[in-house]
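Q: Could we go through this model together? I would like to begin with the cysteines and then turn to the helices.

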Amino acid sequence: MKLDFLDGPACARCDLPLPTMQGEGALCGGCMADPPPYSRVRAPLTYDAMTRDIVLRLKYGRRLGMARLMARMMGNRLDPAGGNGATGANTSQPLLVPVPLHRWRLWSRGFNQSVEVARHLSRTHELPLVVDALERTRRTPSLRGLSRNQRAKVVRGAFRVAPHAVSLVKGRTVLLVDDVFTSGATAAACARVLLRGGASAVEVVAFARVLDRSEASIADWPQADI
């Protein structure tokens, strides 16, 4: 079984594959009709049985080495200009921010897989990282089996920019790190609060993305860590 890389023509905003090359900046119908708050999604792989196995080995098998593998593949989708240079006070660099877990889920699992992946991206691409820039304000129910609209409703208001991170986020492009991009509901909820907190733009960096986003496929959508 081979990994299914996403390297063909795609929507310039959500990275959904397009049937034919349509020129730079081409958007899919969904992004034209209802533009998401994030400006771009970068995901190297299709979410399928093989990438699902890698994600589950990290999240539930505690195979932390999988985070390094995921980050290496995700790093190939970062712009070279945005992934090199000195760290620290250089506010022109993108800022890595992982999607947070609720404290109870973090306590039960012992780690946040998005943080582990982001740490490897930070080291290999010399990008600043703030692991706790985002906080979950409340625990929310499982998203499994929920439609796109239902997922968006569940995560609405579930995040905030941590008070200590407001000055770090302000004026920066934030690279929001997650393991799987599914419906975009969690990414959109995080992006909205980051933009309200002063971020100049939010881009999503994920290991894999779900391609079949039809309502008929929702039973197969991966569970988000809420």
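A: A disulfide is a pair of cysteine sulfur atoms within 2.5 Å. Please note that this is a predicted model.

Q: How many disulfides does a search of the whole structure find?
A: The search finds zero.

Q: Why does Cys 31 form no such bond?
A: The closest cysteine sulfur to that of Cys 31 belongs to Cys 28 and lies 3.7 Å away, which is too far for a bond.

Q: And which cysteine sulfur is closest to that of Cys 28?
A: That is the sulfur of Cys 14, at 3.7 Å from the sulfur of Cys 28, again too far for a bond.

Q: Are these residues buried or exposed, taking Cys 28 and Cys 31?
A: Cys 28 has 9% relative accessibility and counts as buried. Cys 31 is buried as well, with a relative accessible area of 5%.

Q: Let us change topic. How many helices and strands does the protein have?
A: There are eight helices and seven strands.

Q: What share of the residues counts as buried?
A: Of the 226 residues, 50% count as buried. The protein exposes about 11000 Å², and carbon and sulfur atoms supply 53% of that area.

Q: What about contacts between residues at least 6 apart in sequence?
A: Among those contacts, 77% join residues at least 24 apart.

Q: Now to H3. Which of its residues are buried?
A: In helix H3, which spans residues 65-75, the buried residues are Met 66, Ala 67, Met 70, Ala 71, Met 73, Met 74 and Gly 75.

Q: What covers them?
A: The cover includes helices H2 (49-59) and H5 (113-125), together with strands S2 (45-46), S6 (173-181) and S7 (201-209).

Q: How do H2 and H3 pack?
A: Their axes are 8 Å apart and the packing angle is about 140 degrees. Angles over 145 degrees would count as roughly antiparallel, so H2 and H3 are oblique to each other. H2 passes H3 in a left-handed crossing.

Q: Which residues meet there?
A: From H2, Ile 54, Val 55, Arg 57 and Leu 58 meet Met 66, Ala 67, Leu 69 and Met 70 of H3. Met 66, Ala 67 and Met 70 are also among the buried residues of H3.

Q: One last residue: where is Ser 122, and is it buried or exposed?
A: Ser 122 is in helix H5. With 17% relative accessibility, Ser 122 counts as buried, the cut-off being under 20%.

Q: What does Ser 122 touch?
A: Leaving aside residues up to four places away in sequence, Ser 122 touches Leu 96, Leu 127, Pro 128 and Leu 129.

Key:
Residues are numbered from 1 along each chain as its sequence is written. This is a predicted model: local features need pLDDT of at least 70, side-chain atom pairs count only at pLDDT 80 or more; totals for chains, interfaces and linings use all residues. Side-chain values use heavy atoms; hydrogens and water are left out. Buried means under 20% relative accessible area, exposed over 50%, partly exposed in between (1.4 Å probe, protein chains only). Helices (H or I, at least four residues) and strands (E, at least two) are DSSP runs, numbered from the N terminus. Contact means heavy atoms within 4.5 Å. Accessible areas come from the Shrake-Rupley method with a 1.4 Å probe; for residues, only the protein chains shown count as cover. Axes are lines fitted to C-alpha atoms, for helices over the stretch in contact, and angles run from 0 to 180 degrees between N-to-C directions. Angles under 35 degrees count as roughly parallel, over 145 as roughly antiparallel, 65 to 115 as roughly perpendicular and the rest as oblique. A crossing is left-handed if the near helix is turned anticlockwise from the far one by less than a right angle, and right-handed if clockwise.
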